Amino acid sequence: MKDNFAIILAAGKGTRMKSKKSKVLHQVCGKTMIQYVVSQVKQVNLSKLITVVGAHADDVKSVIGNQTEYVFQKEQLGTGHAVLQTEKKLGKLNGTTLVLNGDTPLLTAKTLKKMLDYHRECNAAVTVLTAWIDDPTGYGRIICDNQQNIKKIVEQKDALPQEAEVKEINTGVYCFDNQQLFAALHEINSDNQQNEYYLTDVIEILQRAGKKIAACQINDFQEALGVNDRIALARVTKIMQKRIDVKLMANGVTLIDPSTTYVDSDVKIGSNTVIEPGVVLKGNTSIGCDCTIGANSIIKDSQIADGVEVKCSYLEQSQMDKGSDIGPNSHLRPQADIGKRVHIGNFVEVKKAKIGENTKVGHLTYVGDTTLGKNINVGCGTVFVNYDGMNKHQSKVGDYSFIGSGSNIIAPVNIEDHAYVAAGSTITNDVKAHDMAIARGRQVNKVGYYDHYPVAQQVESK
Ligand code: UD1
Ligand code: MG
């Protein structure tokens, strides 16, 4: 069997995106477009995979890493010129070369494999992946002769009115006989509306030389959507989201209203978990089985174990262990590590803190730079005061302790196991195991104060 090679074109500036970064680095459901393309192409049996980089080359390379080889296209003179840059690496080899664009993130490995098989069956010099669409605006048109054989591809900007009406388009994916590709590339010129060296002109050159040109039609046009602007980016994102949703639901996840939830492509969710409307799950997040992620929660780069309930809360770079719950309206900031069956109620913020199993932090509390043991009760309105204006300090509370409401625990402080802190205390010293600390001003009642307070009396008499 012949060797297969692949070239991904990713050197373009992406002018129509009106962006400071490379087009192919724009994200679709949490992953760059080029990552999708590379991960699909890599599933095809290849002996060489080359990415053509140019604009923002270093950024593109840092995303792809060593998954492909690279060639550099110094000036972006068109797709044909881009492919020609690989000649040194590929030109002398025998085999089939798959060429595709870095801006088609929905394209699947299945379609690429099917196309390669078709190309081999047809024994063609080139096979073009084409699609029929109602609105072909922006795509190259497939121009056929009377026998429906492909004659050439005409770009939108160069198309005659009758050519522009053609609804069969070029998806930008091709299989070439490698040697014939490079021979033809030397014949293309930039004599067109965009003054570019079009890869698509290779088709006409090969056709004129009497070579066989095949068309492989794609059933699902959505796969071939090329992202050239932000409108297409939104469209592609919607389709990708649908794919992600369908896969999750097939694996036993309930999405109550998939049209309002956003789940990034690498997020993992276990079966029997319910995702309520308005939930956003981003980045490197995993959620276990039997969880409920309540309406309007946002979870980013966090690990959630089985049986966790999240009510309308914001979690980032945190973890929650089995059976714990949080919310409504609470915030886990980076390095919040929530133990088994911990209860975190409403308006609680946790940052860089470990909370042991069965501990309860019910209301209006800040836990930062703190280690809480197990089976602790932290009363309403407690503040772990961690910052002196210059440095952060650590606090520690031992197992089975009780922190009364409205306490300030001023770090660094160590409260041992089975200790009590009376409500309203400001704790600045360590508390020994089994002791109680009370640290607040004594109450003084002034007898008959009102009667001797003339301003209050004047207000009442008005
Ligand atoms: C291209 C095709 C068009 C097809 C469409 C499918 C050409 C001339 N036109 O148009 O027929 O319908 O794709 O989506 O090929 N690039 C480089 N170097 C360059 C220019 C572009 O590497 O000098 C890369 C871009 O980064 C991009 C890809 O090639 O990933 C395609 O370029 P783009 O400008 O998006 O071409 P389209 O106008 O979409
Ligand atoms: Mg494009």
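**View 1. Cysteine 216 and its closest cysteine neighbour.** The sulfur of cysteine 216 sits 8.0 Å from the closest cysteine sulfur, that of cysteine 175, which is too far for a bond. A search of the whole structure turns up zero disulfides (a disulfide being a pair of cysteine sulfur atoms within 2.5 Å). Cysteine 380 is in no disulfide either, with the nearest cysteine sulfur, in cysteine 312, 19 Å away. Cysteine 216 is buried at 11% relative accessible area, while cysteine 380 counts as partly exposed at 29% (buried is under 20% relative accessible area, exposed is over 50%, partly exposed is in between, with a 1.4 Å probe and protein chains only).

A quick word on the model: it is predicted, so local features need pLDDT of at least 70 and side-chain atom pairs count only at pLDDT 80 or more, while totals for chains, interfaces and linings use all residues. Residues are numbered from 1 along each chain as its sequence is written, chains are lettered from A and ligands numbered from 1 in the order written, and side-chain values use heavy atoms, leaving out hydrogens and water.

**View 2. The magnesium ion (ligand 2) and its protein donors.** Asp103 (OD) and Asn228 (OD1) are the protein donors, lying 2.2 Å from the ion (donors are N, O and S atoms within 2.8 Å of the metal, or 3.2 Å for Na, K and Ca; water is not among the atoms, so sites may look incomplete). Aspartate 103 comes from the loop between E6 and H5 and asparagine 228 from the loop between E11 and helix H9 (230-250), so the pair ties together parts 125 residues apart in sequence. Aspartate 103 is buried, at 8% relative accessible area; asparagine 228 is partly exposed, at 21%.

**View 3. Helix H5 (residues 109-122) from both sides.** Helices (H or I, at least four residues) and strands (E, at least two) are DSSP runs, numbered from the N terminus. Ala109, Thr111, Leu112, Met115, Leu116, His119 and Cys122 are buried in H5. Down the helix axis, the buried residues fall within an arc of 160° (taken from the directions from the axis to the C-beta atoms), so they line one face of H5. Lys110, Lys114 and Glu121 are exposed on the other side. Right after H5 comes asparagine 123, with a positive phi near 55°.

**View 4. Strand E10 (168-177) and its partners.** Ten of the ten residues of E10 are buried, so the strand is largely enclosed by the rest of the structure. E10 pairs in the antiparallel sense with E6 over four bridges and with E7 over six (pairing takes at least two DSSP bridges). Threonine 97 has phenylalanine 176 as its bridge partner in E10, and threonine 130 stands opposite asparagine 170.

Technical notes: Contact = heavy atoms within 4.5 Å.
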